[in-house]
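I opened this notebook to keep a record of what I looked up in one protein chain, entry by entry. Each entry takes up one part of the chain and sets down what I found there.

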Amino acid sequence: MDSSTLLFNQLKAAEPFFLLAGPNVIESEDHILYMAKHLKNITSKLGLKFVFKSSFDKANRTSSKSFRGPGLAEGLKILEKVKTIYDVPIVTDVHESIQTDLLVAAAKTGKVINIKKGQFCASSVMVNSAEKVRLAGNQNVMVCERGTMFGYNDLIVDPRNFEWMREANCPVVADITHSLQQPAGKKLEGGGVASGGLRELIPCIARTAVAVGVDGIFMEVHNDPLSAPVDGPTQWPLRHLEELLEELVALGRVSKGKQQFKIDLTPFCD
């Protein structure tokens, strides 16, 4: 069994959920290693299957003034160090313009593919997205709910999507931080806009997702969110991560959300 399939099977079997977490973007090698060390310690203590996440290039920013990260070559070197030093898998985002068919190109790497639902899409389209990866020869696919646009500068999370996305026949992940962004909702000094966010509601969305029975939680975490160069308003403070995860683990262990409720519609009689 190849390493990607082994990892995918471990994620599918994780109880009560697996965790994809880390800072939004690589700020420096020292910062990434610092965050990885603390995240590994916390998740090991709680017995959670952990995958470290961070981006090497935030090429999809609204403003040209936004911090983008170190780029592909340097970023991958830093992420490789995290993988080697702390013995954790890595997840990062891809959005290269040279890839005319991104899902198929991603599938052909053979890696585990986590597909985020577009903010403008219905959950039903994720069935087709997951199948596109499988038809390209890769069975290691997951789908992720990250919120839906609700007018200007706001996202909402519809808990029904966590259930409906199971129709993709693969693990369902809840992105509990990006889903609380307020896209282009924060004005910058000197002009331009950046994403705002509702950090205080992260526990609310996390509790909902775990109670419904998602397979994985995706979240961005930072030791100093107010100084984070990208998406600071929706990064969860490292100092509160263990406390929140302890609650979510306890909730996940008592929830029956992963079991379909069998509804009996035959007439009720005393």
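The entries below go from the whole chain to its helices and then to single residues.

**Entry 1: the chain as a whole**

I noted before anything else that this is a predicted model, and I read each value below as computed from that model. I counted eight helices and twelve strands in the secondary structure of the protein chain. I then looked up burial, and found that 46% of the 270 residues in the protein chain are buried. For the contacts I took the pairs of residues at least 6 apart in sequence, and of these contacts 74% join residues that are at least 24 apart.

**Entry 2: helix H1**

I asked myself which residues of helix H1 are buried. In this helix, which covers residues 3-13, I found Ser4, Leu7, Phe8 and Leu11 to be the buried ones. Looking down the axis of H1, I saw that these buried residues fall within an arc of 100°, and so they line one face of the helix. As for what they pack against, I listed strand E1 (18-22), strand E2 (50-53) and strand E5 (141-145) as the partners of the buried residues of H1. At the start of H1 I also looked at Asp2, where a side-chain oxygen comes to within 3.1 Å of the backbone nitrogen of Ser4, a residue that I had already entered among the buried ones of this helix.

**Entry 3: the cis peptide bond at Pro16**

I moved on to the loop between H1 and E1, which is where Pro16 has its place. Is the peptide bond from Glu15 to Pro16 cis or trans? I read an omega near -5° for this bond, and I therefore entered the bond as cis.**Entry 4: helices H2 and H3**

I next looked at how helix H2 (residues 29-46) packs with helix H3 (residues 72-86), and I noted an angle of about 35° between them, with their axes 10 Å apart. The crossing in which H2 passes H3 is right-handed. On the side of H2, I listed Glu29, Ile32, Leu33, Ala36, Lys37 and Lys40 as the residues that meet H3, and on the side of H3 their partners are Ile78, Lys81, Val82, Ile85 and Tyr86. Sorted by class, the contact of H2 with H3 holds seven nonpolar residues and four charged ones, with no polar residues.

**Entry 5: Thr43**

I stayed with helix H2 for one more residue, Thr43, which is found in this helix. At 1% relative accessibility, Thr43 counts as buried. Which residues does Thr43 touch, once those up to four places away in sequence are not counted? I found Leu19, Leu48 and Phe50.

**Entry 6: two residues with positive phi**

I looked up Asp87 in the loop between H3 and strand E3 (90-91), and I read a phi near 55°, a positive value in a residue other than glycine. Asp231 has a positive phi of about 55° as well, although it is not a glycine, and its place is in the loop between strand E11 (216-222) and strand E12 (236-237). I then asked of Asp87 whether it is buried or exposed. Asp87 counts as exposed, at 64% relative accessibility, whereas Asp231 is buried, with a relative accessible area of 7%.

**Entry 7: Asn128**

I found Asn128 in helix H5 (residues 125-135), and I entered Asn128 as exposed, because its relative accessible area is 58% and the cut-off for exposed is over 50%. Between Asn128 and Ala168 I noted a separation of 40 residues in sequence and of 7.7 Å in space, taken from C-alpha to C-alpha.

**Entry 8: Thr177**

I went to the loop between strand E8 (172-175) and strand E9 (181-187), where Thr177 has its place. Although Thr177 lies in a loop, I found it to be buried, with a relative accessible area of 0%. Leaving aside its neighbours within four places in sequence, I listed Ile202, Phe218, Met219, Glu220 and Thr234 as the residues in contact with Thr177.

**Entry 9: Gly257**

My last look was at Gly257, in the segment after helix H8 (241-254). Its relative accessible area is 15%, and Gly257 counts as buried because the cut-off for buried is under 20%. How far apart in space, C-alpha to C-alpha, are Gly257 and Val212? I read 4.5 Å for this pair, whose members are 45 residues apart in sequence. Not counting residues up to four places away in sequence, Gly257 touches Arg166, Ala211, Val212 and Gly213.

Note on methods
Residues numbered from 1 in each chain as written. Predicted model: local features only at pLDDT ≥ 70, side-chain atom pairs only at ≥ 80, totals over all residues. Heavy atoms only, no water. Axes fitted to C-alpha atoms, helices over the stretch in contact; angles between N-to-C directions. Helix = DSSP H or I, 4+ residues; strand = E, 2+ residues; numbered from the N terminus. Left-handed = near helix turned anticlockwise from the far one by under 90°. Contact = heavy atoms within 4.5 Å. Nonpolar A, V, L, I, M, F, W, Y, C, P; charged D, E, K, R; others polar. Buried < 20%, exposed > 50% of the residue type's maximum accessible area, 1.4 Å probe, protein only. Arc of directions from axis to C-beta. Polar contact = N/O pair within 3.5 Å; in protein donor to acceptor, adjacent residues only side chain to side chain.
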